[in-house]
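The following exercises concern ligand contacts, helix packing and domain layout. Each task is followed by a worked solution.

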Amino acid sequence: MSDDVAIRVRGLRKTYGGSVAVAGLDLDVHRGEVFALLGPNGAGKTTTVEILEGYRGRDAGEVRVLDVDPADPTRDWRGRVGIVFQGTGEFDELSVAEVVHHFAGFYRDADDPDKVIERVGLTAKAGARTHTLSGGQKRRLDVALGIVGRPELLFLDEPTTGFDPEARREFWELIRDLAAAGTTIVLTTHYLDEAEALADRVGVIAGGQLVETAAPHQLGNRQEALATVSWRTPDGTLDSAQSAAPTALVAELAARFGGEVPGLTVSRPTLEDIYLTMIGHR
Ligand code: ATP
């Protein structure tokens with residue numbers, strides 16, 4: 001495995017009873033990139049990620065994560081891989097600071113727990129018992145526990161579910177900081193805007209296979225998608241046309257209207273439009 005590959009998967013298969021959850025999946029994640037896995041419910045994201053994390057066995061396929069087969073993990077490898085579990089952040093009577101300090105003790109080269117608490121925005125809650133935290137604050141604690149070991153590779157499963165918009169933005173900043181510091185990040189999400197905001201590349205899983213991998217702006221040939229130009233006609237009705245050359249069409253409309261075009265909009269498919277078309281076609 002070359003130095004710039006963090007994850008390499010070939011022909012991954014997993015079945016539960018008779019039903020196929022992962023059906024021959026191939027995936028490469030480069031070191032230092034933020035990779036988002038998108039896919040509808042039941043597509044196989046969690047199964048795939050849990051296999052990569054070493055928490056689930058596989059039926060077939062080759063898997064290397066930081067050059068180790070996760071089916072045969074070493075203690076050193078576990079220390080290099082951070083996992084943000086959903087809903088670990090509740091430890092009854094323990095305080096936030098106690099939990100993070102405790103987890104830091106599991107790692108040979110842990111980060112300063114108080115700095116980690118600050119990074120996830122929980123300093124004001126450091127002395128609070130974890131069962132008194134709000135849902136979003138518990139998720140921040142989940143993240144703190146995932147990063148306190150200074151992982152080279154961090155897995156996040158639907159990290160911002162239940163966050164308010166401000167908390168999401170703050171969380172995105174945290175992910176960007178971690179990525180800027182060189183951490184490789186694999187996240188699953190149902191939020192297209194999150195994938196677009198954070199990911200260097202997006203992998204779309206459907207039916208247990210990776211159906212496309214691309215930078216968010218290139219997914220489904222989005223760049224080449226036709227633009228929709230809309231405007232109001234003199235009688236007030238809305239008219240529109242699809243065009244590969246919207247600038248020329250707008251110039252032509254401007255000439256036709258002798259200046260300002262009433263109600264003019266120019267739009268291209270959003271990542272969500274492209275994604276829904278992609279999974280809808282399957
Ligand atoms: P979601 O977006 O809903 O979290 P997902 O993409 O993470 O979905 P998985 O949880 O990997 O999907 O599930 C893939 C398929 O495997 C589904 O059909 C699911 O019902 C099935 N499955 C997952 N875990 C198990 C299990 N422990 N036992 C039996 N079937 C399972």
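**Exercise 1.** Determine how the side chain of Lys45 approaches the ligand.

*Solution.* An N or O atom in the Lys45 side chain is 2.7 Å from an oxygen atom of the ligand. A polar contact is a pair of N or O atoms within 3.5 Å. The model is predicted: local features need pLDDT of at least 70, side-chain atom pairs count only at pLDDT 80 or more, and totals for chains, interfaces and linings use all residues. Residues are numbered from 1 along each chain as its sequence is written, and side-chain values use heavy atoms, leaving out hydrogens and water.

Next, consider the other residues. For the side chain of Thr46, the distance from an N or O atom to a ligand oxygen is 2.6 Å. Gly44 places a polar backbone atom 2.9 Å from an oxygen of the ligand. In total, 13 residues surround the ligand (a heavy atom within 4 Å), with Gly42 and Thr47 also among the closest.

**Exercise 2.** Classify the packing of α5 and α6.

*Solution.* First, take the axes, which are lines fitted to C-alpha atoms over the stretch in contact, with angles from 0 to 180 degrees between N-to-C directions. Those of α5 (residues 135-147) and α6 (residues 165-180) come within 12 Å and cross at roughly 5°. Angles under 35 degrees count as roughly parallel, and the two helices are therefore roughly parallel to each other.

**Exercise 3.** State the separation of the two domains.

*Solution.* An automatic or database assignment gives domain 1 (32-53 + 73-216) and domain 2 (225-276). Their C-alpha centres lie 41 Å apart.

Conventions. Helices (H or I, at least four residues) and strands (E, at least two) are DSSP runs, numbered from the N terminus. Angles under 35 degrees count as roughly parallel, over 145 as roughly antiparallel, 65 to 115 as roughly perpendicular and the rest as oblique. A polar contact is a pair of N or O atoms within 3.5 Å; within protein, one must be able to donate a hydrogen and the other to accept it, and residues adjacent in sequence count only if both atoms are side-chain atoms.
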